[in-house]
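Here is a short tour of a protein chain, written for someone who would rather look at the model than at a table. Keep the viewer open and follow along.

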Amino acid sequence: MLETIKNIKNHLPFYYFEQISKIPRASGNERGMVEYIKNIAIENGLEYYTDKGDNILVRKKGSVGRENEDTIMLQAHTDMVAEKNNNTVHDFASDPIMLIQDGNILRANGTTLGADDGFGVAIMLAVLTDKSLSTPPIECLFTASEEIGLVGAGKFDYSKINAKRMINLDSAEENTVIIGCCGGVRTEMTIPVDCISESTNGVKITIGGLCGGHSGEDIDKGRKNANVVMGSILGEINKKISLCISSISGGDKDNAIPRECTAIFATESKEKSRECISLIEEVVADIKRDLVDEDKSFLVVLEEVSCSYHYSKESTEKILKVLSLPNAVLEYRKVKPILPQTSRNLAKIRSYPDGKITIGFSSRSYLEEKLDWSCAELDKIAREIGASTYHHERYPGWQGEGDSALVVDWQSAYERATGRRTEPTLIHAGLECGLITSKVNGLEAISVGANVHDLHTPQETMEIDSFDRIYDTVVELLKK
Ligand SMILES: [Zn+2]
């Protein structure tokens, strides 16, 4: 029986959504989910396979007369992002997620809801256990630790998969069918610098108030990157008054557009510091004219300070050269839909007094060769300035066809089930589809989902009727 959720069409998927909300499942803690799904498989006489990565595959035979049809795979991840409000008392290791229904909106009580990706898990459990459905043979792959780098999907043994078609249920927009996602790679560049101990005057620049955002999905929104803004301010001043950087620090997460950056540079005298400050004010006024609405709280604080050390002129030039590299969208797709093809985010910069600067980049593209190209460009600049690069955490992209048979089948099932239209699109972020399609030869895939808002935050909500419609569409597609 349903406990919280009322006024819905499909009871079974909502029932499972309620049940899994009681199971702690922050990334890295999916064992309870594996046990729960395993028990459902056993109770329903379904074949299952688990592995050391806490993934679980459950198979359902085709309905009578449909046993020999091609297998369809449904796929979702069992983990959720564990975020809560500061004033919320909640232990993600033991407490259930409390569901609150507000009309058509489902949310949690000061925590993430886990609709990402609980809605997908719930739909798959309903399809597996509803004996009244007519379906072809089905493989449901539940993966672990997606949110911390597709960890489970990376460990699974794909020789277990028979399907040649996959529906990934991890998208957050009902009216689109995702046919491609980005691959990505992180690069850490280390620049050796000469540090000079010397007491001088200096200027401290603090940049803040920028909106930031996801380094993939928000990369084409014109939002400023605090590190790049710092680079352009320092670069402009350096054209007029030669400067030596003393310290620089900006950005925090590899997958976020940095919102803040602080830098100090040394000057010859108090007079020079003041001259620099008025020059910076002019540059900042120019930048302010060019801001998107989300960045309107942009703020630059300038202070006169004293420095006890600074980097050499030559080292400063090296840093400025890297900070001026092309950033954000590097190129757009040439075919529809016209979206960013390849992007790069100058995510993080840190300076150390022991003679090095590290700069972290994340590159994304649908195409492997473009990821190679972004890495090669960083390698080239590193060679020119005597720096080193380390490329890591690479994962593949995926680019399907907008008119593939699976896309067309989904579109017509959605139209039959809901009377609505849905359009193919691509997402400039990573999905498990990229990894899985790279491991299963000839696997055709789409990613779909219900309307879920404010993912990965305590404000996460799901539209209940949208969840109903996606379930109806999955059932309709499986009918034949
Ligand atoms: Zn997800």
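The report below goes from the domains to one helix, then to a small sheet and a few individual residues.

## Two domains and their contact

This is a predicted model, so please read each statement below as a description of that prediction. The domain assignment splits the protein chain into domain 1, made of 11–182 + 398–479, and domain 2, which covers 184–395. Domain 1 is therefore written as two stretches, with the range of domain 2 falling between them in the numbering. The C-alpha centres of domain 1 and domain 2 are 38 Å apart.

Where the domains touch, domain 1 brings 13 residues and domain 2 brings 14 residues. On the domain 1 side, β21 (423–427) and α10 (432–439) each supply at least two residues. The most comes from β21, with three residues. Sorted by class, this side of domain 1 has six nonpolar and seven polar residues, and no charged ones.

## Helix α8, a helix with two faces

Helix α8 spans residues 368–385. How far apart should the ends of its 18 residues be, at 1.5 Å a residue? The expected span is 26 Å, because one counts one step less than the number of residues. The end C-alpha atoms are indeed 26 Å apart, which agrees.

Which residues of α8 are buried? They are Lys370, Leu371, Ser374, Leu378 and Ala382. Looking down the axis of α8, you will find these buried residues within an arc of 130°, so they line one face of the helix. The face turned away from the buried side carries the exposed residues Glu369, Ala376, Lys380, Arg383 and Glu384. The buried residues pack against several strands, namely β9 (183–192), β16 (328–332), β17 (340–352), β18 (356–365) and β19 (388–395). After α8 comes glycine 386, with a positive phi near 70°.

## A four-stranded sheet

Next, find the open sheet of four strands, ordered β4-β5-β24-β23 and paired antiparallel. Its edge strands are β4 (99–102) and β23 (452–453), each pairing on one side only. As a reminder, strands of a sheet pair through backbone hydrogen bonds, either parallel or antiparallel.

The β4 end is a nice place to trace the pairing by eye. Four bridges join β4 to β5 (residues 105–108), and the two strands run antiparallel. Leucine 99 has alanine 108 in β5 as its bridge partner, while isoleucine 100 stands opposite arginine 107 in β5. Together β4 and β5 form a hairpin with two residues between them, and glycine 103 in the turn has a positive phi of about 65°.

## Backbone points worth a look

Most residues other than glycine have a negative phi, and most peptide bonds are trans. Serine 145 has a positive phi near 50° although it is not a glycine. Serine 145 sits in the loop between β6 (138–143) and α4 (151–155). Is serine 145 buried or exposed? Serine 145 has 23 other C-beta atoms within 10 Å, so it counts as buried.

Aspartate 454 also has a positive phi near 50° without being glycine. Aspartate 454 is in the loop between β23 and β24 (461–463). With 13 other C-beta atoms within 10 Å, aspartate 454 is partly exposed. One more backbone detail is the peptide bond from aspartate 116 to aspartate 117, which is cis with omega near 5°. Aspartate 117 belongs to helix α3 (residues 115–129).

## Two residues to compare

Serine 466 lies in helix α11 (residues 464–479). It has 20 other C-beta atoms within 10 Å, so serine 466 is buried. Leaving aside residues up to four places away in sequence, serine 466 touches Glu174, Ala450 and Asn451. The C-alpha atoms of serine 466 and asparagine 451 are separated by 6.0 Å, with the two residues 15 apart along the chain.

Now turn to glutamate 303, which is in strand β15 (residues 299–311). Glutamate 303 has 12 C-beta neighbours inside 10 Å, so it counts as exposed. Its C-alpha atom is separated by 40 Å from that of glycine 149, a residue 154 places away along the chain.

Definitions and conventions. Residues numbered from 1 in each chain as written. Predicted model: local features only at pLDDT ≥ 70, side-chain atom pairs only at ≥ 80, totals over all residues. Contact = placed C-beta atoms within 7 Å. Nonpolar A, V, L, I, M, F, W, Y, C, P; charged D, E, K, R; others polar. Arc of directions from axis to C-beta. Pairing = 2+ DSSP bridges.
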